[in-house]
Amino acid sequence: MYHDARGAEARETRTTRTRPALCTALLSLLEEKPFEQITIREITACAGVGYATFFRHYTDKDALLNDFAAREISRLLAMTLPILYAIDSRASAQALCAYLWEHRKLWSALLTGGAAATLKAEFVRQAQHNAAEQQNTDSWLPGDLNVVFAVAATIEILAWWLKQDDPPSVKRMAEVLDRLVIIPSIARVGSTEKSAKRR
């Protein structure tokens, strides 16, 4: 019994080491070439993990990308959602754009590569979950639509930015995000509060 517990613990430790190693390897390879050109053999070699071991954790490289993306999406959402409630939305938008630009190779692969549709769906799913926790029952908008709309629009704008041959600066994109998405989203929330007070 004790031996079985130790064996399970060792397997769990290997798993907790293997997944981050594969994610780190994928990130490193994304710095060199597009996702479509990366092979599983390259990922496992870079991670120092056996080829067969990869398939104990993931069915294919898209599954690895999606797992990695879910974590990155959580991180980006943690930066995105507070912008909708920020006092200085332009500064918050600039911080978000600066983060994305600093990690642009990764986010280019995530938002504009072959797994983009899946990743956008996951982004919206996580946003809906977060929005449900902050839902305003007095809103004229159905449910969590304001947050979902803002997040979806943000994704499309950021994906457009990453596809440009001559991309606008971080400062310019922060202005675009602020004026096109954030200010209207804040205005919708503000108008909700005003209409609630009039009742």
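This is a short tutorial dialogue on reading confidence and salt bridges in a predicted model.

User: Where should I start: what is the mean pLDDT of the protein?

Analyst: Start with confidence, since this model is predicted. The mean pLDDT of the protein is 78, and 74% of its residues reach 70 or more.

User: Which elements have the lowest and the highest mean pLDDT?

Analyst: Helix α1, residues 2–30, has the lowest mean among the elements, at 68. The highest belongs to helix α2, residues 40–47, with 96.

User: How many contacts does the stretch 5–13 have beyond near neighbours in sequence?

Analyst: The model shows 0 such contacts there, and the pLDDT over residues 5–13 is below 50. Residues 192–199 also stay under 50, but for them the model has 6 contacts beyond four places in sequence. As a general rule, predicted coordinates should not be read in detail where pLDDT is low.

User: Let's move on to salt bridges. How many are found in the whole structure?

Analyst: The search finds 5. To read one, look at which side chains meet, and then at where the partners sit along the chain. Take arginine 19 and aspartate 67, whose side chains meet at 3.7 Å, N to O. Arginine 19 belongs to helix α1 and aspartate 67 to helix α4 (residues 61–80), so this pair, 48 residues apart, links distant parts of the chain.

User: Is arginine 19 buried or exposed?

Analyst: Arginine 19 falls in between: its relative accessible area is 27%, so it counts as partly exposed.

User: Which helices are linked by the pair of arginine 90 and aspartate 178?

Analyst: Those side chains form a salt bridge at 2.9 Å, N to O. The pair joins helix α5 (residues 89–102), home of arginine 90, to helix α9 (residues 170–198), home of aspartate 178, and the two residues are 88 apart. Now compare their surroundings. Aspartate 178 has a relative accessible area of 3%, and because buried means under 20%, it is buried. Arginine 90, at 33%, is partly exposed.

User: What about a salt bridge with both partners in helix α9?

Analyst: Arginine 179 and glutamate 175 give you one, at 3.1 Å, N to O. They lie 4 residues apart in helix α9, about one turn of the helix. Arginine 179 is exposed, with 57% relative accessible area, while glutamate 175 is partly exposed at 21%.

User: Which residues are linked with them in a network?

Analyst: The network of salt bridges links Arg172, Glu175 and Arg179.

Conventions:
Residues numbered from 1 in each chain as written. Predicted model: local features only at pLDDT ≥ 70, side-chain atom pairs only at ≥ 80, totals over all residues. Heavy atoms only, no water. pLDDT = per-residue confidence, 0-100. Contact = heavy atoms within 4.5 Å. Salt bridge = Lys/Arg side-chain N within 4 Å of Asp/Glu carboxyl O. Buried < 20%, exposed > 50% of the residue type's maximum accessible area, 1.4 Å probe, protein only.
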